[in-house]
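Here is a note for a colleague who is looking at this structure for the first time. The points follow below, and each can be read beside the view of the model.

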Amino acid sequence: MTGFKINYYLQKVTKEKVYTFILISILWNKQRIRTTIKIQTEEKFWDYKKQRFKPSYRYALEYNSKLEKTKRFLDDYYVANTVNNKSIDKEKLKEALQSFLEGKSNLKKVANKTFLEHFKDYINDSKSGKRLTITGKPVTASTLKSYNVTYNHLNNFVSSKKYDLSFDNINEEFYTGFVKYLSKKGLTNNGQSYIIKVIKSFMHSTLDKELHHNTKFIKILRKNIDETTLIALSADELTKIEKLDNLSNSYDKIRDCFLVQVYTGLRYSDLTNLKPENINLKEKIITLYTIKTQDPLIIPISNRLEQILIRYDKKLLLCSNQKYNKFIKEICRIAEIDTPIQITKYIGKVRIDETKPKYELISSHTGRRTFITLTLKKGILPEMVMKVSGHKTRSSFQKYVRITQEEAVNQVQKAWEE
C-alpha cells in the first residue's frame, strides 16, 4: 500500500438523544487509527457513497473543505514520514492528527465565558423566550425556577470545593463530587436527580450550539430516582371535604377551587389560567390549551362541577401556589383526613422513614391524582381518562394512579366471586 487509506463514516451516540459525528478511519500496513473529527450533523445530510456532505446542506462547502484539508494533511504527513523507508509510528500519528484537528476545529470560542456564565445565559435566554423547549414552546415559570436552583447549587459547589468547572470537566469526578455535595445539603435522591436532569438539558443545548464536544456527559449524568409516596383522596375523604361547613370565606373559596381540580384533573397552572371563555355551560364542556404542554383539552362538566362554576360566575379566585397548598392542608386537617402515612426517602444510600398524617402530604397536585384514580375506579377505560387528563404515554399516566393494596385485593376477589 502506498499512502494512507482514508475513509469517513458517521458515528452515532444514541444514549437518550441521537448525536451524529464524522469518524475518520486511517489504514496503513495492517494498522488503523479511528477518531472523531468533531463535526456534528444529521444523517440525512451525509452522502455515504461519496463520504462527503450533500450539496444541499448549508454547511456542506465548509465541512467538505475541512475533510479535504484533513486528507491533504495526512497525505503530506505520510510522504514526510516515509522518507528513507522509515515506518510510521502510530502514537505519533495520533498526536499529530489530534493537534491538527484541534487547530482546525469548528468549535466556537468559549474562552471568554465560564461554564456558569454560559449557564446564566441559558437561564436568561429561556426567560426572554429566545430559547424554547424542544417542542418549540416557552419555558414555564416552574422550570425557570428549577434552572435558578440548579445554578445556585453549582455556584456554591464550585466556591466551596474550588472545582474547575468547564464543559470538558463534566465527567465522573464532577458527578461523584456534586452528588456527594447535594447529599450533605440534605437533598433526597429524587431532588438530586431533578437537578442532574437540568444540567443534562443544559449540556444537550450547548452541545447542539457547538459550545463543546463532550458527549460523555450523556452516560455520566445519571438520575437516581426512588419511588415516592404519592397521595390521592378516597371517595369517602372527598365526601368529607365536600360536606365541610362553617368554613371561613377564604377557606371556602380554596376548598371549591380544590374540588374543581378533583372534578377536572387540571394542574394548578391550568386552574389559574381558566377563564370564563373556556367554560361552556350550555354544552357542559371546558376547552383550553394546557400551560405545561400547550396541548388542547376538552373536559366534561359534571353536575357538581357546574354548581361551583355557577356559584362563582365562572371566575375562580386563587392565591399563590405556596399559599394554596398551605390552605389545602389545613382544610383537609379540618375534614379529619388524618390517616397515618409512612413515607420513605433516601439521601444517598441512607434510608429515612417518617410517619405523617395524610393531610400534611396533600397538595394541589393531589386533586389531579384523585381525579384520575377515582375515575378509573368507576370503570372508565384508562385511554379515555388519558384523553381528558392530557397524558400522552401510559407510563406517565400510571404515576398518577393511586390504588391501595387492600383495594386491589378486594376488587380482584370480587371479580372472581361473581
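How many residues apart in helix α12 are arginine 333 and glutamate 330, and what part of the helix separates them?

1. Arginine 333 and glutamate 330 are three residues apart in helix α12, which covers residues 321–334, and about one helical turn separates them. The model is a predicted one, and in it these two residues form a salt bridge whose closest N and O atoms are 2.6 Å apart. Arginine 333 is partly exposed, with a relative accessible area of 40%, and glutamate 330 is also partly exposed, at 25%.

2. The salt bridges come to a count of 16. One of them joins arginine 52 and glutamate 68, with the closest N and O atoms 2.9 Å apart. Arginine 52 lies in strand β5 (residues 52–53) and glutamate 68 in helix α1 (residues 60–81), so the pair ties together parts that are 16 residues apart in sequence. Arginine 52 has a relative accessibility of 16% and counts as buried, because buried means under 20% relative accessible area. Glutamate 68, by contrast, is partly exposed, with a relative accessible area of 32%.

3. Helix α9 holds a further pair, in which the side chains of arginine 255 and aspartate 252 meet in a salt bridge with an N to O distance of 2.5 Å. These two residues lie three residues apart in the helix, about one turn. Arginine 255 is buried, with a relative accessible area of 8%, whereas aspartate 252 is partly exposed, with a value of 22%.

4. The pair in helix α9 belongs to a network of salt bridges that links Asp252, Arg255, Asp256 and Arg311. Aspartate 256 is found in helix α9 as well, which spans residues 249–264, and this aspartate is buried, with a relative accessible area of 2%. When its neighbours within four places in sequence are left aside, aspartate 256 is in contact with Ile308, Arg311 and Tyr312.

5. Turning to the strands, β6, β7 and β8 form an open sheet in that order, with antiparallel pairing. The edge strands are β6 (279–280) and β8 (296–300), each of which pairs on one side only. Strand β7 (residues 285–289) pairs with β6 over two bridges, and isoleucine 285 in β7 is the bridge partner of asparagine 280. On its other pairing, β7 meets β8 in the antiparallel sense over five bridges, and leucine 288 has leucine 297 in β8 as its bridge partner.

6. The hairpin of β7 and β8 has six residues between the strands, and in this hairpin glutamine 294 takes a positive phi near 60 degrees. In a regular strand the side chains alternate between the two faces of the sheet. Along β8 this alternation can be followed residue by residue: Leu297 and Ile299 point to one face and are buried, while Pro296, Ile298 and Pro300 point to the other face and are not buried.

7. A second hairpin is made by strand β9 (residues 340–347) and strand β10 (residues 350–357), which pair in the antiparallel sense over eight bridges. Proline 340 has proline 357 in β10 as its bridge partner. Two residues stand between the strands of this hairpin, and glycine 348 takes a positive phi near 65 degrees there.

8. Is threonine 366 buried or exposed? Threonine 366, which is found in helix α13 (residues 364–377), is buried, with a relative accessible area of 0%. Its side chain reaches the backbone nitrogen of serine 363 at 2.9 Å. Not counting residues up to four places away in sequence, threonine 366 touches Ile231, Ala232, Leu233, Phe258 and Leu361.

9. The last point concerns the surface, where Ile380, Leu381 and Met384 form a nonpolar patch with about 290 Å² of accessible area together. Methionine 384 is found in helix α14, residues 382–389, and this residue is exposed, with a relative accessible area of 52%.

Methods. Residues numbered from 1 in each chain as written. Predicted model: local features only at pLDDT ≥ 70, side-chain atom pairs only at ≥ 80, totals over all residues. Heavy atoms only, no water. Patch = residues over 30% accessible without salt bridge, like charges linked within 9 Å, V, L, I, M, F, W, Y side chains within 5 Å. Areas by Shrake-Rupley, 256 points an atom, 1.4 Å probe, with all protein chains shown as cover. Salt bridge = Lys/Arg side-chain N within 4 Å of Asp/Glu carboxyl O. Helix = DSSP H or I, 4+ residues; strand = E, 2+ residues; numbered from the N terminus. Buried < 20%, exposed > 50% of the residue type's maximum accessible area, 1.4 Å probe, protein only. Polar contact = N/O pair within 3.5 Å; in protein donor to acceptor, adjacent residues only side chain to side chain. Contact = heavy atoms within 4.5 Å. Pairing = 2+ DSSP bridges.
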